[in-house]
Amino acid sequence: MNIKDLAQHLGLSIGTVSRALNGKPDVNAQTRARVLGAASQLGYRPNASGRSLRRGSTQTVAFVMETGRADVRGDNFFVRIIDAMQDRLAAEDHDLIVLPSNSANDPTGFLRRTIARGIADAIVVTATQAHDPRIALLLDSRMPFLSFGRSQIAGSYAWIDLDFEGFLREAMAGLAALGHRRIAVSTPQGPSNIGMLMQATCREVCARLGLDSDPTLIVATESHEYGGNLVTRQLLDRPDPPTAVILHYEMMAFGAYSALRDAGLSPGPDMSIVTMRRSRQLRFLDPPVSACEIDVVGLGRRLADETLRVIRADDPPAQLLWPARPILTDSVAPPRGR
């Protein structure tokens, strides 16, 4: 479908459709929404250059990174992912562009505009929700895409995600083997798919290993150092505090260590601490925190490879859990009295 077909479908002039697609201020909001909606639904994708016209491709992948979240601002995880993707895509004569989408605005609307403008051959979305309207939009639009993270939305689409369930099962089993029975688990706030997966896995492991299944031991909190500090303080203030805490985001360990030391306690002997991923910043913690060694560069390369497969429409689409096995250190010890 070209812009003339789209204009005829809508009963508008080509000029009006073009200005709506490009966000020109002289097009009213209702018309712009109508044009963008039809472009998405009908799979309209304008070519971005003369090369695109000749080759039918932009040779570009768009990485939509949701900003405004503390776990994006405070860590270099996504920078390393993007670097590795860029290297692999460049070897295949593709470019990578990063499109920041602030979570405080309308991520679905942002994605709809990105699809309509046709600036990329495929889109990579991040920060997936359990019921993510962006994935529903992408499936309806027929735009090639890969989801870095899972969703509960059914469909045959490509996704790669960290193995949060495997991490949690192994971490809880390791703590249980040391004698821990009251294990707290932090999860992200909001409708993230990670939170739903971790809650379900925590309940499953507690039932299987006979651990304390107190639902208040699963605590939703902010994903940053202050969140780690706050949740640790709150847990210590309980009449029957847990003897171990598993944190869903690595930088939270700084806050947890600080809260323990402010209370005159030590990570490990007084409360065991496990966090999701060992990053370079965590090397300053003493004792070294228990965490996963994740091959971030390998993950970035695999994301690039599977995105190229999506562009080529290779079947079946990837649905892959990336290994995240915890390595227990001196931040974990048997509970007092054992």
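**Exercise 1. Classify alanine 313 as buried or exposed, and locate it.**

Step 1. The relative accessibility of alanine 313 is 56%, so the residue counts as exposed, the cut-off being over 50%. This value, like the others below, is computed from a predicted model.

Step 2. Alanine 313 sits in the loop between H13 and S11.

Step 3. Its backbone has a positive phi of about 65 degrees, although alanine 313 is not a glycine.

**Exercise 2. Find what phi alanine 127 has, where it lies and how accessible it is.**

Step 1. Alanine 127 is not a glycine, yet its phi is positive, about 55 degrees.

Step 2. The residue belongs to the loop between strand S3 (122-125) and H8.

Step 3. With a relative accessible area of 24%, alanine 127 is partly exposed.

**Exercise 3. State which residue follows H7, which residues of H7 are buried and what covers them.**

Step 1. Helix H7 runs over residues 107-117, and its buried residues are Pro107, Thr108, Gly109, Leu111, Thr114, Ile115 and Ala116.

Step 2. The cover over these buried residues includes three helices and three strands by name: helix H2 (14-21), helix H3 (29-42) and H8, together with strand S1 (60-67), strand S2 (95-102) and S3.

Step 3. After H7 comes glycine 118, with a positive phi near 60 degrees.

**Exercise 4. Locate the cis peptide bonds at proline 287 and proline 316 and give omega for each.**

Step 1. Aspartate 286 and proline 287 are joined by a cis peptide bond with omega of about 0 degrees. Proline 287 is in the loop between strand S9 (272-277) and strand S10 (290-292).

Step 2. Aspartate 315 and proline 316 are likewise joined by a cis peptide bond. Here omega is about -5 degrees. Proline 316 is placed in the loop between H13 and strand S11 (319-322), where alanine 313 is also found.

**Exercise 5. Describe how H9 and H10 pack.**

Step 1. Two packed helices are described by the angle between their axes and the distance between the axes.

Step 2. For helix H9 (residues 164-177) and helix H10 (residues 193-209) the angle is about 35 degrees, and the axes are 9 Å apart. Their crossing is right-handed.

Step 3. H9 contributes Phe164, Glu165, Leu168, Arg169, Met172, Ala173 and Ala176 to the contact. From H10 come Ile194, Leu197, Met198, Thr201, Cys202, Glu204, Val205, Cys206, Arg208 and Leu209.

Step 4. By type, the contact residues are twelve nonpolar, one polar and four charged.

**Exercise 6. Place leucine 211 and list what it touches.**

Step 1. Leucine 211 is in the loop between H10 and strand S7 (218-221).

Step 2. Its relative accessibility is 6%, so leucine 211 counts as buried, since the cut-off is under 20%.

Step 3. Residues up to four places away in sequence are not counted; leucine 211 then touches Met172, Ala176, His180, Arg181, Ile183, Val205 and Cys206.

Step 4. Leucine 211 and alanine 173 are 38 residues apart in sequence, with a C-alpha to C-alpha distance of 10.0 Å.

**Exercise 7. Set the sequence separation of isoleucine 294 and isoleucine 311 beside their spatial separation.**

Step 1. The two residues are 17 residues apart in sequence and 27 Å apart in space, C-alpha to C-alpha.

Step 2. Isoleucine 294 lies in the loop between S10 and H13. At 10% relative accessibility isoleucine 294 counts as buried.

Step 3. Leaving out residues up to four places away in sequence, isoleucine 294 touches Leu162, Met276, Arg277, Trp322, Pro323 and Ala324.

**Exercise 8. Characterise the second largest pocket.**

Step 1. The volume of the second largest pocket is about 260 Å³.

Step 2. Its lining has 15 residues, and Pro144, Phe145, Ser156, Tyr157 and Val310 lie nearest the centre.

Step 3. Helix H8 (133-141) and helix H13 (296-312) each supply at least two lining residues.

Step 4. The lining divides into ten nonpolar, one polar and four charged residues.

**Exercise 9. Summarise the whole protein.**

Step 1. The protein has 13 helices and twelve strands.

Step 2. Its C-alpha trace spans about 80 × 40 × 35 Å along the principal axes.

Step 3. Of its 338 residues, 52% count as buried.

Step 4. Among contacts between residues at least 6 apart in sequence, 68% join residues at least 24 apart.

Definitions and conventions:
Residues are numbered from 1 along each chain as its sequence is written. This is a predicted model: local features need pLDDT of at least 70, side-chain atom pairs count only at pLDDT 80 or more; totals for chains, interfaces and linings use all residues. Side-chain values use heavy atoms; hydrogens and water are left out. Axes are lines fitted to C-alpha atoms, for helices over the stretch in contact, and angles run from 0 to 180 degrees between N-to-C directions. Helices (H or I, at least four residues) and strands (E, at least two) are DSSP runs, numbered from the N terminus. A crossing is left-handed if the near helix is turned anticlockwise from the far one by less than a right angle, and right-handed if clockwise. Contact means heavy atoms within 4.5 Å. Ala, Val, Leu, Ile, Met, Phe, Trp, Tyr, Cys and Pro count as nonpolar, Asp, Glu, Lys and Arg as charged, and the others, Gly among them, as polar. On a 1 Å grid over the protein atoms alone, a cavity is a set of points where a 1.4 Å probe fits but cannot get out, and a pocket is an open set with protein on both sides within 12 Å along at least five of seven lines; lining residues have an atom within 4 Å of a point. Grid points are joined across faces, edges and corners, and a volume is the space filled by probe spheres set on the points. Buried means under 20% relative accessible area, exposed over 50%, partly exposed in between (1.4 Å probe, protein chains only).
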